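Reader: I am new to this structure and would like a close look at a single part of it. Please choose one place, take me through it step by step, and explain your terms as you go.

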Amino acid sequence: MTDQKPRKPGEPSGHSRRDFLRGSGVAAATAVLTGPAVGMLDEAKAAEGEPKVLSGTVDIKLKVNGQERACQVEPRSTLLDTLRNRLDVTGPKRVCDRATCGACTAIVDGDAVYSCTTLAVSCQGKTIETLESFDTGEHSVPHAFHQNDGLMCGYCTPGFVTAVKSFLDKHPNATEEEIRKGIDGNICRCGTYVGVLAAAMQVAKATKGA
Ligand code: FES
Ligand code: FES
């Protein structure tokens, strides 16, 4: 199966959201092929040394928040569905379900990704983090959101907390403008951007002062 490279917030040289959707579509189409076409494609790909086509139900293991978790999924299952419905990890939320809002954001191998359009099978062997595992201490991102009213209805909040943490982990000295660009893959319907940015800046300043 082709590795997906979801767009990474804050990295302008990365793939665009359109590239990401195109890549996911190809991967998903490969994953759900059934019938005679599967056998032919299997043979062709084996000859090319490519991974074999998956169908039916597959056993997978995912490393989620430091724990090895095993489950069965259909090859087309998204990381979001697998986390929420198979592994009871409900921090990432389903809102748009189409790589637009960021409510489903999870961190895979250090990169913020839209888990609603990332295939679970493609995350095997990678490190998956959701906000359930985040520190909530005095200088943490979750604490800063609380201190700066970074939420109203809260639908977007898990995704924003995750996106901010992922970005600041990589760019601890980021400016407000850089943070603004770095988390622009996330949308807040209530318009709580002022609080979100204030929370991110609070953490960035605390990190610089440490
Ligand atoms: S639910 Fe995944 S981007 Fe909106
Ligand atoms: S707080 Fe309501 S969508 Fe962000």
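Author: Happily; here is a walk through the sheet, followed by the core beside it.

This is a predicted model, in which local features need pLDDT of at least 70 and side-chain atom pairs count only at pLDDT 80 or more, while totals for chains, interfaces and linings use all residues. Residues are numbered from 1 along each chain as its sequence is written, and chains are lettered from A and ligands numbered from 1 in the order in which they are written.

Let us start with the whole chain. It holds seven helices and five strands (DSSP runs numbered from the N terminus, H or I of at least four residues for helices and E of at least two for strands). Read from the N terminus, the order is α-α-β-β-α-β-β-β-α-α-α-α. Of its 210 residues, 41% are buried (20 or more other C-beta atoms within 10 Å of a residue's own, C-beta atoms being placed from the backbone; 12 or fewer is exposed, and in between is partly exposed).

Now to the sheet. Its five strands stand in the order β2-β1-β5-β3-β4, and this open sheet has mixed pairing (strands pair if DSSP finds at least two bridges between them). β2 and β4 are at the edges with a single partner strand each, so one side of each has no neighbour in the sheet. On average, and ignoring direction, neighbouring strands are turned by 40° against each other (axes are lines fitted to C-alpha atoms, for helices over the stretch in contact, with angles from 0 to 180 degrees between N-to-C directions).

You can cross the sheet strand by strand, beginning at β2. Seven bridges pair β2 (residues 67-73) with β1 in the antiparallel sense. The hairpin of these two strands has two residues between them, and Asn65 there takes a positive phi near 50°. Lys63 is a handy landmark: Glu68 in β2 stands opposite this residue, and so does Thr127 in β5. β1 and β5 (residues 127-129) are parallel, with two bridges, and Val64 has Ile128 of β5 as its bridge partner.

The next step leads from β5 to β3. These two pair in the antiparallel sense over two bridges, with Ile107 opposite Glu129 of β5. β3 is covered on both faces: Thr105 and Ile107 on one side are buried, as are Ala106 and Val108 on the other. Four bridges then link β3 to antiparallel β4, where Tyr114 is the bridge partner of Thr105. β3 and β4 also form a hairpin with two residues between them, and Asp109 in its turn has a positive phi of about 50°.

What packs on this sheet? α3 touches β1, β2 and β3, and its direction makes about 100° with that of β2. α5 lies across β3 and β4, running at about 30° to β3.

α5 deserves a longer visit. Its 14 residues reach 20 Å from first C-alpha to last, close to the 20 Å expected at 1.5 Å a residue (the expected span is 1.5 Å times one less than the number of residues). Because 12 of its 14 residues are buried, α5 is largely enclosed by the rest of the structure. Among the buried ones are Phe160, Val161, Val164, Lys165 and Leu168. The buried residues of α5 pack against β3, β4, α4, α6 (176-182) and α7.

That brings us to the largest nonpolar core (buried Ala, Val, Leu, Ile, Met, Phe, Trp, Tyr and Cys residues joined through C-beta atoms within 7 Å). Among its 48 residues, Ala120, Val141, Phe160, Val164, Leu168, Ala199 and Ala200 touch the most other members. Two or more residues each come from β1 (58-64), α3 (79-86), β3 (105-108), β4 (111-114), α4 (141-147), α5 (157-170) and α7 (193-209). α5 gives the most, with six. Domain 1 (17-132) and domain 2 (135-209) both contribute, so the core lies between them (the bounds come from an automatic or database domain assignment).

Finally, look at Val141. Apart from neighbours within four places in sequence, Val141 is in contact with Phe134, Val161, Val164, Lys165, Leu168, Ala199 and Val203 (contact requires C-beta atoms, placed from the backbone, within 7 Å). Across the chain, 58% of the contacts with a separation of 6 or more join residues 24 or more positions apart.

Definitions and conventions
Contact = placed C-beta atoms within 7 Å.
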